[in-house]
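Here is a protein model to look over. Have it open while you read the short report below.

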Amino acid sequence: MTDNSIVEIITAIFLLIGGLFALLGSIGLARLPDFYMRLHGPAKATTLGVGGVLIGSMIFFSTHSEGFSLHELLITLFLFITAPISAHMVAKAALHIHLPYVKRTRGKPW
């Protein structure tokens, strides 16, 4: 097994994990019954999915091009920092306008 094939296997694993998380987040966004539950899909699972794809891309292009891919690392860090903050702001806005919720939502929003 060559070095390139090991890097490609690691890249494929990160792409598959990222794709799986993105799929689960998208299914959660489509299937969960109210806004407060649906907020978890894109905020957590899809963020991890995009992060997995970016890390896989960073590994692949760092080994197949001239050097370390800094811009993909910065995109990943920015995504991991801003996604929870934006989800928190959207949830606060939903609480402010008293969006309806289903009875099985854990913890009453207000």
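Over residues 42-61 the chain is 100% helix and 0% strand, where helices (H or I, at least four residues) and strands (E, at least two) are DSSP runs, numbered from the N terminus. An unreviewed UniProt entry lists residues 6-30, 42-61 and 73-95 as "transmembrane region"; such annotations may be inferred rather than shown by experiment. Two of these spans are set out here.

| Span | Helix | Strand | End C-alpha atoms apart |
|---|---|---|---|
| Residues 6-30 | 100% | 0% | 36 Å |
| Residues 42-61 | 100% | 0% | 27 Å |

Bear in mind that this is a predicted model: local features need pLDDT of at least 70, side-chain atom pairs count only at pLDDT 80 or more, and totals for chains, interfaces and linings use all residues. Residues are numbered from 1 along each chain, and side-chain values use heavy atoms, with hydrogens and water left out.

Now for the helix packing. Helix α1 (residues 3-31) packs with α3 at about 165 degrees, their axes 7 Å apart; axes are lines fitted to C-alpha atoms over the stretch in contact, and angles run from 0 to 180 degrees between N-to-C directions. α1 and α3 are therefore roughly antiparallel (angles over 145 degrees). Their contact has 15 nonpolar, 13 polar and one charged residues (Ala, Val, Leu, Ile, Met, Phe, Trp, Tyr, Cys and Pro count as nonpolar, Asp, Glu, Lys and Arg as charged, the others as polar).

What about the lining of the largest pocket (an open set of 1 Å grid points where a 1.4 Å probe fits, with protein on both sides within 12 Å along at least five of seven lines; lining residues have an atom within 4 Å of a point)? Its lining includes Tyr36, His40 and Lys92, and α4 gives the most, with six residues.

Methods:
Parallel < 35°, antiparallel > 145°, perpendicular 65-115°, else oblique.
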